[in-house]
Amino acid sequence: MTDRVYPAAKPTTNGNGNGNGNGVSAANPSFPATKAQRYGATRPTYRPQPYHRRSRRRCCCTFFFWLFLIILILLFIVGVIGTAFYLIYRPHRPSFTVTSLKLSYFNLTSSSTLNSKFNIDITAKNPNKDIIFVYQPTTISILSGDIDVGDGTIPSFNHGKKNTTLLKASILSNGESLETDSASELKKNMKSKNGLPLKVKLDTKVKAKMGKLKTPNVGIRVSCDGIRVHLPVGKKPATASTSNVKCNVDVRFKIWKWTV
C-alpha cells in the first residue's frame, strides 16, 4: 500500500486569499489606498517658516541712536561757534558796584505798615572793547533779610565799550503791609547796634551788540550783599556803609515756565 505525501505548508496566496502561485507578498497595499497610507510617516512634516519682520524694539533703538547722533552733532556745532566767538571777542560780564545808599526815612507802624525811602547810586562797568550792552528797564528791590522794604526802576540804557555808567534811583515803600512774622523780624533788625542789614537786587534783560551782530535778550540778576545802615535821626538822611559790598552777576535763562 502506497503512502500519501502531504505538502508541509500551504502555498503562498495573494492579498485576496486566492492562491495563484506567483509569490506576491500579503503586505502589498490594498486598492484604493487608505487615508493612513496617503499621509504616511514617510511624508515630511510641514513646518511653517517664521515671518521675518523688524521688531518694535529694533525700531526704537534705531530712532534713539539717530536722535542721539543728531544731538551730538548740534552740540559740536554750537561748541565750535561758541569757541570762535570767544576767541574773536573775548567777552566778559559787566560788573556792578553800590557806590552810595542813603536812607531818608524808615517807619514801621503798629499795624505792620511800612513806609521807606532810599536813594541809591550804582556804578556799572563794561570791560569789553568790542561789545556794547543794551539794557531793558531794570527793577531794583531792597531787602532786609527776605523782607522787601522798597522797590524802584532804572530806565533802559546803552552801555558802551569800555564804559563806566552811574545809575541813580529812588527806592520807595508806600504803605506796604507786612505779615506778622515779617514785621516782628524787621523790628528786631531795626534795633540792631550794627545797623539794619540790607541787600540790593536788580533784575533786567540785556542784549549784546558786536557790530551788526546782535544777541537775543538774556535775563540777568545782580545781587549786592553786605550793606548796613542806621535809621535816620531827624530829617537828615542816614548814609549806609558800602565798603564791604559784593555784587554777583548771574545769567538767567527762561525755559518754558521756569527761570534758571
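This report covers the fold, core, aromatic pairs, voids and selected residues of one predicted model.

## Overall make-up

The model is predicted, not experimental. Its chain has 260 residues, and 27% of them count as buried. The secondary structure comes to three helices and 14 strands.

Contacts reach far along the sequence. Taking contacts with a separation of 6 or more, 65% join residues that are 24 or more positions apart.

## The nonpolar core

The largest nonpolar core has 43 residues. Leu 101, Phe 118, Val 149, Leu 186, Leu 198 and Val 200 have the most contacts inside it. Strand β8, residues 196-210, supplies the largest share of this core, with seven residues.

Leu 198 shows how the core is wired. Beyond its neighbours within four places in sequence, Leu 198 contacts Leu 101, Phe 118 and Val 149, among others. Those three are also on the list of residues with the most contacts inside the core. Other partners of Leu 198 include Ile 142, Leu 143 and Ser 144. Leu 198 also touches Asp 225, Gly 226, Ile 227 and Val 229.

## Ile 171 in strand β7

Ile 171 is found in strand β7, residues 164-177. Its relative accessible area is 0%, so Ile 171 is buried. Residues up to four places away in sequence are left out of the contact list that follows. Ile 171 touches Ser 116, Lys 117, Phe 118 and Ile 120. Ile 140 and Ile 142 are also partners of Ile 171. Gly 150, Asp 151 and Gly 152 complete the list for Ile 171.

Leu 103 gives a C-alpha distance for reference. Ile 171 and Leu 103 are 68 residues apart in sequence, and their C-alpha atoms are 9.4 Å apart in space.

## Aromatic pairs

A pair of aromatic rings is described by the distance of the centres and the angle of the planes. The count here comes to six aromatic pairs. In one of them, the rings of Phe 63 and Phe 64 have centres 5.4 Å apart and planes at 70 degrees. Edge-to-face requires an angle over 60 degrees, so the Phe 63 and Phe 64 pair is edge-to-face. Both residues are exposed: Phe 63 has a relative accessible area of 52%, and Phe 64 has 51%.

Phe 65 and Trp 66 also form an edge-to-face pair, with ring centres 5.5 Å apart and planes at 75 degrees. Elsewhere, ring pairs link Phe 96, Phe 133, Tyr 135 and Phe 157 into a cluster.

## Pocket and cavity

The largest pocket has a volume of about 480 Å³. Its lining has 20 residues. Phe 133, Ala 208, Thr 215, Val 218 and Val 251 lie nearest the pocket centre. The elements β8, β9 (213-214) and β10 (218-229) each give two or more residues to this lining. Strand β8 gives the most, with four residues. By type, the pocket lining divides into 14 nonpolar, three polar and three charged residues.

A search of the whole structure finds one cavity of 30 Å³ or more. About 30 Å³ of space lies in this largest cavity. Its lining consists of Phe 96, Tyr 135, Thr 138, Phe 157, Leu 167, Leu 202 and Thr 204. Five of these lining residues are nonpolar, two are polar and none is charged. Phe 96, Tyr 135 and Phe 157 line the cavity and also belong to the aromatic cluster.

## Strand β1 and two positive phi values

Ser 104 lies in strand β1, residues 95-108. Its relative accessibility is 19%; the cut-off for buried is under 20%, so Ser 104 counts as buried. Leaving aside neighbours within four places in sequence, Ser 104 contacts Lys 117, Asn 119, Pro 232 and Pro 237.

Most residues other than glycine have a negative phi. Ser 112, not a glycine, has a positive phi of about 65 degrees. Ser 112 sits in the loop between β1 and β2 (113-125). At 14% relative accessibility, Ser 112 counts as buried. Lys 162 also has a positive phi, near 50 degrees. Lys 162 sits in the loop between β6 (157-159) and β7. At 59% relative accessibility, Lys 162 counts as exposed.

Key. Residues are numbered from 1 along each chain as its sequence is written. This is a predicted model: local features need pLDDT of at least 70, side-chain atom pairs count only at pLDDT 80 or more; totals for chains, interfaces and linings use all residues. Side-chain values use heavy atoms; hydrogens and water are left out. A nonpolar core is a set of buried Ala, Val, Leu, Ile, Met, Phe, Trp, Tyr and Cys residues joined through side-chain atoms within 4.5 Å. Buried means under 20% relative accessible area, exposed over 50%, partly exposed in between (1.4 Å probe, protein chains only). Contact means heavy atoms within 4.5 Å. Rings of Phe, Tyr and Trp (its six-membered ring) pair if their centres lie within 6.5 Å; planes under 30 degrees apart count as stacked, over 60 as edge-to-face and the rest as tilted. On a 1 Å grid over the protein atoms alone, a cavity is a set of points where a 1.4 Å probe fits but cannot get out, and a pocket is an open set with protein on both sides within 12 Å along at least five of seven lines; lining residues have an atom within 4 Å of a point. Grid points are joined across faces, edges and corners, and a volume is the space filled by probe spheres set on the points. Ala, Val, Leu, Ile, Met, Phe, Trp, Tyr, Cys and Pro count as nonpolar, Asp, Glu, Lys and Arg as charged, and the others, Gly among them, as polar.
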